[in-house]
Amino acid sequence: MIDNYVTGAQIKMLREKKKMTQEELAEKINVTSKAVSKWETGNGFPDISLLESLAGALGISVIELLSGTCIHNQNKNANIARSKFYVCPVCGNVIMSTGEALISCCGITLPPQNAEEADTEHKINIEISEDEYYVSLDHPMTKGHYISFIAAVSDDGIQFEKLYPEGPCQTRFKISRVKKLLVYCNKDGLFGFEKNKLF
Ligand SMILES: [Fe+2]
């Protein structure tokens with residue numbers, strides 16, 4: 001299923017970023033410069049058979065070209081603490097990525113979840129017992145509204161606990177180097193708790 005197609009503005013922007021003229025791009029993919037000009041001014045679309053070579057000439061993947069999103073991960077040794085979570089609103093799938101990514105599930109391109117500061121309904125209770133945090137929330141755990149996961153994030157790893165409707169809203173994490181906790185509510189989204197500020 002394709003719900004986006006490459007736009008003229010996208011082609012122009014990527015071509016200029018590569019410092020190519022319309023002629024140079026045309027030559028690379030074996031079309032006329034008039035064709036490139038047509039695409040860029042919104043008077044036509046590149047044929048689907050050209051997408052692979054067009055994406056190659058512009059230095060991105062076909063899926064990035066089609067979605068209008070360019071992924072640039074410059075730091076290959078990404079800091080795990082900056083990992084992103086993507087949650088599918090249809091099937092509830094949770095995907096974690098250590099860098100930017102173009103992720104789709106159930107036909108939907110998923111945006112990365114941005115953690116908000118917790119409101120009163122999504123407050124966490126934390127108790128420390130020996131080397132563990134015991135984390136719990138006073139939050140509904142019904143099928144329509146529940147905490148779907150809790151994660152404890154450090155610079156070098158993530159402890160991830162999936163929770164389920166009708167199940168307990170609590171878990172334990174090893175304290176070692178945890179920098180922040182993340183709580184995801186299926187209705188209200190992602191909430192973040194920085195160690196130095198909130199626990
Ligand atoms: Fe909630």
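Q: Is Phe 85 buried or exposed, and what relative accessibility does Phe 85 have?
A: In this predicted model, Phe 85 has a relative accessibility of 2%, and because buried means under 20% relative accessible area, Phe 85 counts as buried.

Q: How should a pair of aromatic rings be described, and which ring does Phe 85 pair with?
A: A pair of aromatic rings is described by the distance of the centres and the angle of the planes. A search of the whole structure finds 5 aromatic pairs; one of them joins Phe 85 and Phe 160, with 6.3 Å centre to centre and 20 degrees between the planes, and this pair is stacked. The pair links distant parts of the chain, since Phe 85 lies in strand β1 (residues 84–87) and Phe 160 in strand β9 (residues 158–162), 75 residues apart. Unlike the buried Phe 85, Phe 160 counts as partly exposed, at 37% relative accessibility.

Q: What geometry does the pair of Phe 149 and Phe 160 have, and which strands hold the two residues?
A: The rings of Phe 149 and Phe 160 lie 5.0 Å apart, centre to centre, and with 35 degrees between the planes the pair is tilted. Phe 149 belongs to strand β8 and Phe 160 to strand β9, so this pair ties together parts that are 11 residues apart in sequence. Phe 149 is buried, at 0% relative accessibility. Ring pairs link Phe 85, Phe 149, Phe 160 and Tyr 184 into a cluster.

Q: Which residue places its charged end over the ring of Tyr 164?
A: That residue is Lys 162, whose charged end sits over the ring of Tyr 164 at 4.9 Å from its centre.

Q: Which protein atoms are the donors of the iron ion, and how are the donors spaced along the chain?
A: The protein donors are His 122 (NE2), His 139 (NE2), His 145 (NE2), Cys 185 (SG) and Asp 188 (OD), at 2.1 to 2.4 Å from the iron ion. Along the chain the donors follow the spacing H-x16-H-x5-H-x39-C-x2-D. Within this set, His 122 and His 145 link distant parts of the chain, 23 residues apart, with His 122 in the loop between β5 (116–117) and β6 (124–129) and His 145 in the loop between β7 (132–137) and β8 (147–153). Both donors are buried, His 122 at 0% relative accessibility and His 145 with a relative accessible area of 12%.

Q: How is strand β12 paired, and is β12 enclosed or open?
A: Strand β12 (residues 189–194) has 5 of its 6 residues buried, so β12 is largely enclosed by the rest of the structure. On the parallel side, 2 bridges join β5 to β12, and Glu 116 stands opposite Phe 191 in β12. The antiparallel partner is strand β11 (residues 180–185), joined to β12 by 6 bridges, with Leu 182 opposite Gly 192; β11 and β12 form a hairpin with 3 residues between them.

Q: Which residues touch the most other members of the largest nonpolar core, and which element gives the largest share?
A: Of its 19 residues, Ile 11, Leu 25, Trp 39, Leu 54, Leu 58 and Leu 65 touch the most other members. The elements that give two or more residues are α1 (8–17), α2 (22–28), α3 (33–40), α4 (51–58) and α5 (62–67), and the largest share, 5 residues, comes from α4. Leaving aside residues up to four places away in sequence, Ile 11 touches Val 6, Leu 25, Trp 39, Glu 40, Pro 46, Leu 54 and Leu 58. Apart from this core lies another, of 18 residues, among them Ile 124, Cys 169, Leu 181 and Phe 193.

Definitions and conventions:
Residues are numbered from 1 along each chain as its sequence is written. This is a predicted model: local features need pLDDT of at least 70, side-chain atom pairs count only at pLDDT 80 or more; totals for chains, interfaces and linings use all residues. Side-chain values use heavy atoms; hydrogens and water are left out. Donors are N, O and S atoms within 2.8 Å of the metal (3.2 Å for Na, K and Ca); water is not among the atoms, so sites may look incomplete. Helices (H or I, at least four residues) and strands (E, at least two) are DSSP runs, numbered from the N terminus. Buried means under 20% relative accessible area, exposed over 50%, partly exposed in between (1.4 Å probe, protein chains only). Two strands pair if DSSP finds at least two bridges between them. Rings of Phe, Tyr and Trp (its six-membered ring) pair if their centres lie within 6.5 Å; planes under 30 degrees apart count as stacked, over 60 as edge-to-face and the rest as tilted. A charge sits over a ring if NZ of Lys or CZ of Arg is within 6 Å of the ring centre and within 35 degrees of the ring normal. A nonpolar core is a set of buried Ala, Val, Leu, Ile, Met, Phe, Trp, Tyr and Cys residues joined through side-chain atoms within 4.5 Å. Contact means heavy atoms within 4.5 Å.
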